[in-house]
Amino acid sequence: MTDDSRDRLEALLREDAARAVADEGFCRRVAAALPPPRAPRAWLRPALVVGSAALGGVLAVLAAPAGIPLAQGFADLARLPALTPAALAALGLALAMAVTAGVLVAEES
Amino acid sequence: MGERSEPADAELILAVVARDDREAFSRLVVRHQSWVRAVLRRLAKGDHGLADDLAQETFLLAWRHLPSFRFDARFTSWLYRIAFNAWLSETRKRREVLLEDGADAQPAGEAAPAVGEAERIDLERALATLSDGERAAIAACYYADLSHAEAAQAIGIPMGTVKTHILRAKAKLRAKLGEETR
């Protein structure tokens, strides 16, 4: 086996390996076959807003002096049909939060 | 103002993982498609249709598994392993694959692509007669430009076996190409 034949084979392999394979639409086909983009997490923002509002409400109630009508209102709501003014206020707050959530969800979708 | 240099593979990979960036992935495909398809053409004994199907599967698997790429190996080596496994899994559906050692393969009847000068066609035919392990080693070290250690890791055989495969493959190729030109 001669050095020439060694070098020739080495060169032939390197040359063949370096030869570019024409794209011929390959990259486009790969791009088209990729799975669809990840859906943005539509629920995240509304959940954060509503969650923050709810947490704020709870903290406000807990931090408020005893006997605040809103706290009494939630307690009254739990004993329906005791629709006291405080219960109506609590119901109003709950409805407002629900509407807010609904609007945010509708906006996202 | 200097020209903006091409982003490195690592930057593109991070863009894909962090932002689902399809344009970054397309750039990776454009950058690596040529050698991936060349490797698979060699592994598939010149069957370009099968090689391109496997190459597409390779990139789709790469897309899916990019978040698990740990940057402890070259991207080329990681991609070669995916391509090799895609070929291995496809070939094992039809026949046994011997990577450690084995009998010579029969020349593939369908391996006759129109790829330029006669010498290249002779080389392609000669490569198709190598055993699976020898072809995998040649494809890894020449067509994917991996080191012997990287090739051993990607193929899943000892480094000594890779070296043996390369030596035997070259001896067979020289003999085959010598026959062709006589």
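**Close-up 1. Two buried phenylalanines, A:Phe26 and B:Phe59, in the predicted model.** In this model, which is predicted rather than determined by experiment, A:Phe26 is buried, and B:Phe59 is buried as well. Over all chains, the count of aromatic pairs comes to eight. One of these is formed by A:Phe26 and B:Phe59, whose rings lie 5.9 Å apart from centre to centre with 65° between their planes, an edge-to-face arrangement. Because A:Phe26 belongs to helix H2 of chain A and B:Phe59 to helix H3 (residues 48-65) of chain B, this pair joins two chains.

**Close-up 2. The ring pair of B:Phe69 and B:Phe71, and the cluster around it.** The ring centres of B:Phe69 and B:Phe71 are 4.9 Å apart and their planes stand at 65°, so this pair is edge-to-face. How much of each residue is accessible, B:Phe69 and B:Phe71? B:Phe69 has a relative accessibility of 6% and therefore counts as buried, whereas B:Phe71, with a relative accessible area of 41%, is partly exposed. Ring pairs link these two residues with B:Phe75 and B:Trp78 into a cluster.

**Close-up 3. Helix H4 of chain B, residues 75-92.** This helix holds 18 residues, which at 1.5 Å a residue should span 26 Å, and the C-alpha atoms at its ends are indeed 26 Å apart, in agreement with that expectation. Is the helix mostly enclosed or mostly open? Of its 18 residues, 13 are buried, so H4(B) is largely enclosed by the rest of the structure.

**Close-up 4. A salt bridge between the chains, from B:Arg120 to A:Glu15.** The total over all chains is 18 salt bridges. In one of them the side chains of B:Arg120 and A:Glu15 meet, with a distance of 3.8 Å from N to O. The pair crosses from helix H5 (residues 118-128) of chain B, where B:Arg120 lies, to helix H1 (residues 3-18) of chain A, where A:Glu15 lies. B:Arg120 counts as buried at 12% relative accessibility, while A:Glu15 is partly exposed, its relative accessible area being 34%.

**Close-up 5. The salt bridge of B:Arg42 and B:Glu124.** The closest N and O atoms of this pair are 3.3 Å apart. Since B:Arg42 lies in helix H2 (residues 22-43) of chain B and B:Glu124 in helix H5 of chain B, the pair ties together parts that are 82 residues apart in sequence. B:Arg42 counts as buried at 7% relative accessibility, and B:Glu124 counts as buried at 3%.

**Close-up 6. The salt bridge of B:Arg94 and B:Glu90, and a network of shared partners.** Between B:Arg94 and B:Glu90 the closest N and O atoms are 3.9 Å apart. B:Arg94 counts as exposed at 56% relative accessibility, whereas B:Glu90, with a relative accessible area of 21%, is partly exposed. Elsewhere, salt bridges that share partners join A:Glu15, A:Asp16, A:Arg19, B:Arg42, B:Arg120 and B:Glu124 into one network.

**Close-up 7. A nonpolar surface patch on chain A.** The residues A:Trp43, A:Leu44 and A:Leu48 make up this patch, which has an area of about 320 Å². A:Trp43 is placed in the loop between helix H2 (26-33) and helix H3 (44-63) of chain A. With a relative accessible area of 53%, A:Trp43 is exposed.

Methods: Residues are numbered from 1 along each chain as its sequence is written. Chains are lettered from A and ligands numbered from 1 in the order in which they are written. This is a predicted model: local features need pLDDT of at least 70, side-chain atom pairs count only at pLDDT 80 or more; totals for chains, interfaces and linings use all residues. Side-chain values use heavy atoms; hydrogens and water are left out. Patches are made of residues with over 30% relative accessible area and no salt bridge: like charges are joined within 9 Å, nonpolar side chains (Val, Leu, Ile, Met, Phe, Trp, Tyr) within 5 Å. Accessible areas come from the Shrake-Rupley method with a 1.4 Å probe; for residues, only the protein chains shown count as cover. A salt bridge is a side-chain nitrogen of Lys or Arg within 4 Å of a carboxyl oxygen of Asp or Glu. Helices (H or I, at least four residues) and strands (E, at least two) are DSSP runs, numbered from the N terminus. Buried means under 20% relative accessible area, exposed over 50%, partly exposed in between (1.4 Å probe, protein chains only). The expected span of a helix is 1.5 Å times one less than its number of residues. Rings of Phe, Tyr and Trp (its six-membered ring) pair if their centres lie within 6.5 Å; planes under 30 degrees apart count as stacked, over 60 as edge-to-face and the rest as tilted.
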